[in-house]
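Open your viewer and keep the selection box handy. We will go from the whole chain to single side chains, one stop at a time.

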Amino acid sequence: MENLVGAEDEIRRPIVAMERGGYRNADFVGQMNALLNIYDGLNCRQIGSSVLGKPLYALILGKGPEPVHINAAVHANEWITAPLLLRFVEELASGRGAGNACGLDAVTLWAVPMANPDGADLAQDGIPPGCAWAEELAAWNGGSGDFRRWKANIRGVDLNDQFPACWELERQRRGLTAPAPQDYGGPHPLSEPEAAALAELTRAERFSRVLSLHTQGKEIYWNYRDREPREAEAMAARLAAASGGRDSGAGYRAVKLSGSDAGYKDWFIDEFRRPGFTVEAGEGVNPLPVGQFDEIYEGLAPILAEFIWG
């Protein structure tokens, strides 16, 4: 691939793309390809395809024996998490990121920045031309063409209610039995190719710990039905402290969550009994304004670095 941009320009590209009105899957793929061209240590693997056939990519960085994982943009209108994670990967690859003094010899990072590409595009651009679910999508969205609050994938399934961790209880709690903008867990666990791809990758690589990046609330969830390992609470406290701590007015706080099932973090803890975290980045109403990107990243990057090396 021809080298089209320099590294110093590339680190700004996620913001440039969002200044045009958002961050679509095409923005992610273009920037990912440019980064793969710039950094020899950065690799990519397709881990599956979305409902509409868009490739799902994992970026791989590091040479260490301990595999760790971060995913983002699981919820459609939380698409800002994709460039946040891609920015972090780029800074690690360039050697400029938080925590780079530790190096990448001990761990291998598997990052999936755009876990829900169909949904992210839908939330920003509305129903795509020729979509097989066009009529259904309009109905599921209450007849509105405004999909900015849409969290699900293109079939109206909430991907973070898709995992086999008390899935039936979460479905009963949500009370939804049909596709919707959010909170419908699908006809059965892992029915959607996007969720299935994350599960298959996780089982294949057997990550030592995982983090799922969402918005918003500046909170870090670390537990699941008392099945988390003993060290999880202390790790969550370190993640919160890395952000500056809530006492500073800018930091995050670790929260012991109850009454929630079927999320990626829940399933990982349940199946592997290893540390899993959900980080709710930023504050406000989803989708978070693109003008908050720098501010969110400043608090988030130390959390992600602490997660990798902590």
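Here is a tour in six stops, each with something to select.

**Stop 1: the whole chain.** Keep in mind that you are looking at a predicted model. Colour by secondary structure, and you should find 11 helices and 8 strands. The chain has 310 residues, and 56% of them count as buried. A surface view goes with an accessible area of about 12400 Å², 47% of which belongs to carbon and sulfur atoms. If you like contact maps, take the contacts between residues at least 6 apart in sequence: 78% of them join residues at least 24 apart.

**Stop 2: the sheet.** Now show just the strands. In what order do the strands of the open sheet come? Reading across, you pass β1-β2-β4-β3-β5-β8-β6-β7, and the pairing is mixed. β1 and β7 (253-255) are the edge strands, each pairing on one side only. On average, neighbouring strands here are turned by 25° against each other, ignoring direction.

**Stop 3: strand β2 and its partners.** Select residues 55-61, which make up β2. Of these 7 residues, 6 are buried, so the strand is largely enclosed by the rest of the structure. On one side, add β1 (residues 42-49), which runs antiparallel to β2 and is joined to it by 7 bridges. Arg45 is a handy marker here, standing opposite Ala58 in β2. The hairpin of β1 and β2 has 5 residues between the strands, and among them you can pick out Gly53, with a positive phi near 85°. Next add β4 (residues 107-112), which pairs with β2 over 3 bridges, again in the antiparallel sense. To see this pairing in residues, pick Ile60 and look opposite, to Trp110 in β4.

**Stop 4: from β4 to β3.** Is the pairing of β3 and β4 parallel or antiparallel? Select β3 (residues 66-72) as well: these two strands pair in the parallel sense, over 6 bridges. Glu66 stands opposite Val107 in β4. Helix α10 packs on the sheet, where it touches β3, β5 (209-215), β6 (219-221) and β8 (276-281). Compare the directions of α10 and β8, and you get an angle of about 165°.

**Stop 5: the rings around α10.** Stay with α10, residues 264-272, and show side chains for Tyr264 and Trp267. The two sit 3 residues apart in this helix, about one turn. Both Tyr264 and Trp267 are buried. The model has 8 aromatic pairs. Tyr264 and Trp267 form a tilted one, with 5.8 Å from centre to centre and 50° between the planes. Extend the selection to Phe163, Phe268 and Phe272, which join Tyr264 and Trp267 in one aromatic cluster. Two arginines also meet rings. Arg87 has its charged end over the ring of Tyr297, 5.8 Å from the centre, and Arg209 lies over the face of Phe307, at 5.8 Å from the ring centre.

**Stop 6: Arg171.** Finally, select helix α7 (residues 167-174) and find Arg171 within it. Is Arg171 buried, exposed or partly exposed? With a relative accessible area of 27%, Arg171 is partly exposed. Set aside its neighbours within four places in sequence, and the contacts of Arg171 are Leu176, Thr177, Tyr184, Gly186 and Pro187. For a last distance, pick the C-alpha atoms of Arg171 and His188: they are separated by 9.7 Å, with the residues 17 apart along the chain.

Key
Residues numbered from 1 in each chain as written. Predicted model: local features only at pLDDT ≥ 70, side-chain atom pairs only at ≥ 80, totals over all residues. Heavy atoms only, no water. Phe/Tyr/Trp six-rings, centres within 6.5 Å; stacked < 30°, edge-to-face > 60°. Helix = DSSP H or I, 4+ residues; strand = E, 2+ residues; numbered from the N terminus. Buried < 20%, exposed > 50% of the residue type's maximum accessible area, 1.4 Å probe, protein only. Lys NZ or Arg CZ within 6 Å of the ring centre and 35° of its normal. Pairing = 2+ DSSP bridges. Axes fitted to C-alpha atoms, helices over the stretch in contact; angles between N-to-C directions. Contact = heavy atoms within 4.5 Å. Areas by Shrake-Rupley, 256 points an atom, 1.4 Å probe, with all protein chains shown as cover.
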